[in-house]
Amino acid sequence: MNVTPITIAGKTFIGISVALPKTNLLAVASETGYIMCGALDVALLNEKLSARKIIAGRATGVRTIEQLLTAPLESVTLEAERLGISVGMKGSDALLLMHG
């Protein structure tokens, strides 16, 4: 597991990567939300865990934190949409909206 501070536009986020057999889990978190690789189940967050109001976005096909930051989000939670985060937005832009 690797935890690294990441700075975007002067704001600090936490990058987390976990090497697992045949895959890597990738996430970058702000104080209020996060973006993650394809392992994130946005439907679960929206449906079963909706009371938690999780702010999150998912990018698929990424293999590094750098790719996660530049990839377009493939899906986002309803709470993320309320902040103006949308499908197709770059991960880094979504994080800046999550930072507040």
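**View 1. V3, a partly exposed residue.** V3 has a relative accessibility of 47%, so V3 counts as partly exposed. That value falls in the partly exposed band because buried means under 20% and exposed means over 50%. Keep in mind as you look around that this is a predicted model. You'll find V3 in strand β1, which covers residues 2-8. On the surface, V3 joins M1 and I14 in a nonpolar patch. Together, these three residues have about 330 Å² of accessible area.

**View 2. The open sheet that β1 belongs to.** Here, 6 strands make an open sheet, and their order is β1-β2-β3-β4-β5-β6. The pairing in this sheet is mixed. β1 and β6 stand at the edges with a single partner strand each, so one side of each has no neighbour in the sheet.

**View 3. Strands β3 and β4 side by side.** Zoom in on β3 (residues 23-29) and β4 (residues 33-36), which pair in the antiparallel sense. The pairing runs over 3 bridges. Look for V28, which sits opposite I35 in β4.

**View 4. E74, in the loop ahead of β6.** E74 is found in the loop between α2 (65-70) and β6 (75-76). With a relative accessible area of 37%, E74 is partly exposed. The side chain of E74 reaches the side chain of S75 in a polar contact of 3.0 Å. Setting aside neighbours within four places in sequence, E74 touches R58, A59, T60 and V87. For a sense of distance, try L25: the C-alpha atoms of L25 and E74 are 16 Å apart, and the two residues are 49 residues apart along the chain.

Terms used:
Residues are numbered from 1 along each chain as its sequence is written. This is a predicted model: local features need pLDDT of at least 70, side-chain atom pairs count only at pLDDT 80 or more; totals for chains, interfaces and linings use all residues. Side-chain values use heavy atoms; hydrogens and water are left out. Patches are made of residues with over 30% relative accessible area and no salt bridge: like charges are joined within 9 Å, nonpolar side chains (Val, Leu, Ile, Met, Phe, Trp, Tyr) within 5 Å. Accessible areas come from the Shrake-Rupley method with a 1.4 Å probe; for residues, only the protein chains shown count as cover. A salt bridge is a side-chain nitrogen of Lys or Arg within 4 Å of a carboxyl oxygen of Asp or Glu. Helices (H or I, at least four residues) and strands (E, at least two) are DSSP runs, numbered from the N terminus. Buried means under 20% relative accessible area, exposed over 50%, partly exposed in between (1.4 Å probe, protein chains only). Contact means heavy atoms within 4.5 Å. A polar contact is a pair of N or O atoms within 3.5 Å; within protein, one must be able to donate a hydrogen and the other to accept it, and residues adjacent in sequence count only if both atoms are side-chain atoms. Two strands pair if DSSP finds at least two bridges between them.
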